[in-house]
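Me: I'm new to this structure and would like a close look at one part of it, the empty space sealed up inside. Please walk me through it and its surroundings.

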Amino acid sequence: MLNTFEIKEDFLLNGQPFKIMSGAIHYFRVHPSDWYHSLYNLKALGFNTVETYVPWNLHEPKKGAYHFEGLLDLEKFLKTAEELGLYAIVRPSPYICAEWEFGGFPAWLLNERIRIRSSDPAYLQHVADYYDVLMEKIVPHQITQGGNILMIQIENEYGSFGEDKKYLRAVRDLMKERGIDVPFFTSDGPWRATLRAGSMIDEDILVTGNFGSKAKENFADMENFFAEHDKKWPLMCMEFWDGWFNRWKEPIVQRDAEELAEAIKEALAIGSINLYMFHGGTNFGFMNGCSARGTIDLPQITSYDYGAPLDEQGNPTEKYYAIQRMIHETYPELQQLEPLIKKATEAKAIPLTGKVSLFATLHTVSQPICSQYTQGMEELGQNTGYLLYRTTIQKDAEKERIRIIDGRDRAQLYLNETWQATQYQTEIGEDIFVELEQPENQLDILMENMGRVNYGHKLFADTQRKGIRNGVMADLHFITQWQQYCLPLDNPAQIDFSKDWQPQQPSFYRYNVELSDREDCFIDLSGFGKGVVFVNQVNIGRFWEVGPTLSLYIPKGYLKAGSNEIIVFETEGKYQSEIQLTAKPIYKEMKEGEK
């Protein structure tokens, strides 16, 4: 007999009132070998449901090329949750926010003449094509089909972006036409403006709210909105923020464990809840998002620890145990179990076994694309990573004025392979004066895409294209005849460590370590400047000496018993002759307000 789930004045599971006690775990931020660990710890807390987003940009990184294997095996994640007795809430919105690169949108959309998150037919056609494939993975796992999915989200915090109801209806209909028949919901801030703009209350679609405290006041605001439309619905906080994300150059955000437990208790006394996050995990690769602040974009760090009940590794924190005690005292009928705790390992004095400058191995990792003027990253068919622009300039004066016109996000300029200047966002476009010593001079500009905005008014094509978008000027004229080297760094095996290394150049550094067994660890990146790390050919994320983190998490699933290769791509000319693997993350000491 199939289970049933309905939304009346209460949530009803098999006809009986059901309080949803959910926690967010994003399968794409946790190594698949650790899914069971995190889901078990959610169940052990006494909770009954897991919630996850679905990232379009990972599942369709290039138009028509879909991926659902390994880290992206959504069905395996849902099945693992079901086997543990957990229900699921799935949020397959085209847009997810989630402090994720471009809010989950694939970068190739930036080449399309469309308006995202709108009823633009061209945009909706792309969504429809994606849903043709995605919904086949979701439909069999609905509770109506014998699976564990209770509800599906239509859009995500749309009231903080638009009020195009035609668009919301179109997204709902695309899912219904492809077999979604469990209840839908929307989630927005709990105040009237966002609820009115982002909800589908007049079409009987459940409205949920997002907040992290003051549950009585926020739920009261939602009830008032319901009353305006003669709705009597169960109250649910779809994102109860138990921590917060972190950005480069800023201290780690903190929240007291006991205060959080009391705030959750207050919310549960009134309605249902989804803890955002329960296990934050990691922004592997180049998938960190970026906050928009006026003219400045502030990229987020690789760790998505979030200050969640489970730390980045997936182990219980003080918050977990505070919530556990509160649940035991408030809901003694709920079964709780001891959480699982993973081990961590250390390795000291791992030697440097190879180093090579980017300029020396450039032609083994990329092939030039030639054009009269510079082209942007998306025009070149690249989504994330770095781009190297190369040309030659003649000596017209002893000292030449160079300007990068409209570049994103961070530029490093080299003359004859010698560093001249680094500019970031607000500095790009300012004069760079270089001394020309030869009649012909090689000009290289390394551009880094530091992460696209994931929330707010900048979610449009003109603001999120990366690379050099208009050109480079010498004196008062635009320079022509460019070679462009795409550096998504998706195949570290192409790096040729037999070639030359020069100091103060962007370079690759190789380290090899023998491990007798596989356990989680963190790579200590103190002493390096900025870049990314590859563990056995997998990009585990970005590092930057500005902090707040000075290490990167390595799940045991990316390690081997035996020989392991670690490659550090570093852009500032800083490296270490040996590295360490540690059992705990390493942080830079920072004071509130320090930049």
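How much space lies in the largest cavity?

Reply: About 80 Å³ of space lies in the largest cavity. Before we wander around it, remember that this is a predicted model, where local features need pLDDT of at least 70, side-chain atom pairs count only at pLDDT 80 or more, and totals for chains, interfaces and linings use all residues. Residues are numbered from 1 along each chain as its sequence is written, and side-chain values use heavy atoms, with hydrogens and water left out.

A cavity is a set of points on a 1 Å grid over the protein atoms alone where a 1.4 Å probe fits but cannot get out; a pocket is an open set with protein on both sides within 12 Å along at least five of seven lines, and lining residues have an atom within 4 Å of a point. Volume is the space filled by probe spheres set on the points, which are joined across faces, edges and corners.

Now for the walls. Ten names are worth finding in the viewer: Thr-302, Ser-303, Glu-312, Phe-522, Thr-549, Ser-551, Leu-552, Tyr-553, Pro-585 and Tyr-587 line the largest cavity. Strand β29, residues 551-554, gives the largest share of that lining, with three residues (strands are DSSP runs of E, at least two residues; helices are runs of H or I, at least four). Sorted by class, five of the lining residues are nonpolar, four are polar and one is charged (Ala, Val, Leu, Ile, Met, Phe, Trp, Tyr, Cys and Pro count as nonpolar, Asp, Glu, Lys and Arg as charged, the others, Gly among them, as polar).

Where does this cavity sit in the chain's layout? The domain assignment gives domain 1 (5-330), domain 2 (347-355 + 491-582) and domain 3 (373-480). Domains 1 and 2 each supply at least three residues to the lining of the largest cavity. The C-alpha centres of these two domains are 33 Å apart, and their contact (heavy atoms within 4.5 Å) takes 19 residues from domain 1 and 19 residues from domain 2. About 1800 Å² of area is buried between domain 1 and domain 2, with carbon and sulfur atoms giving 62% of it.

The largest cavity has company: the structure holds two cavities of 30 Å³ or more. The second largest comes in at about 30 Å³. Its walls are Arg-29, Val-30, His-31, Asp-34, His-279, Gly-281, Thr-282, Phe-284, Glu-312 and Tyr-553. Look back at the earlier list and you'll spot that Glu-312 and Tyr-553 line both cavities. By class, the lining of the second largest cavity has three nonpolar, four polar and three charged residues.

Asp-34, one of the residues lining that second largest cavity, has a partner: Lys-556 forms a salt bridge with Asp-34, with the closest N and O atoms 2.8 Å apart (a salt bridge is a side-chain nitrogen of Lys or Arg within 4 Å of a carboxyl oxygen of Asp or Glu). Between domain 1 and domain 2 the count is one salt bridge. Across the whole structure, a search finds 33 salt bridges. For another example, Arg-196 and Glu-163 meet through their side chains at 3.4 Å, N to O. Arg-196 is in helix α6 (residues 192-198) and Glu-163 is in the loop between β7 and α5, so this pair ties together parts that are 33 residues apart in sequence.

Let's step from closed space to open space. The second largest pocket has a volume of about 690 Å³. It is lined by 28 residues, and the closest to its centre are Asp-305, Asp-311, Thr-317, Pro-585 and Tyr-587. Two of those should ring a bell: Pro-585 and Tyr-587 also line the largest cavity. The lining of the second largest pocket divides into 11 nonpolar, eight polar and nine charged residues.

The largest pocket has a volume of about 960 Å³. Of its 36 lining residues, Leu-58, Pro-61, Met-287, Thr-384 and Asp-490 are the closest to its centre. Two elements, α2 (56-59) and β28 (538-544), give two or more residues to this lining. By class, the lining of the largest pocket has 19 nonpolar, 12 polar and five charged residues.

One last stop, on the backbone. Tyr-276 and Met-277 are joined by a cis peptide bond with omega about -5°. Met-277 lies in strand β11, residues 272-279, and His-279, one of the residues lining the second largest cavity, falls inside that range.

Definitions and conventions
Domain bounds come from an automatic or database domain assignment. Buried area is the accessible area (1.4 Å probe) that two parts lose on being put together, summed over both.
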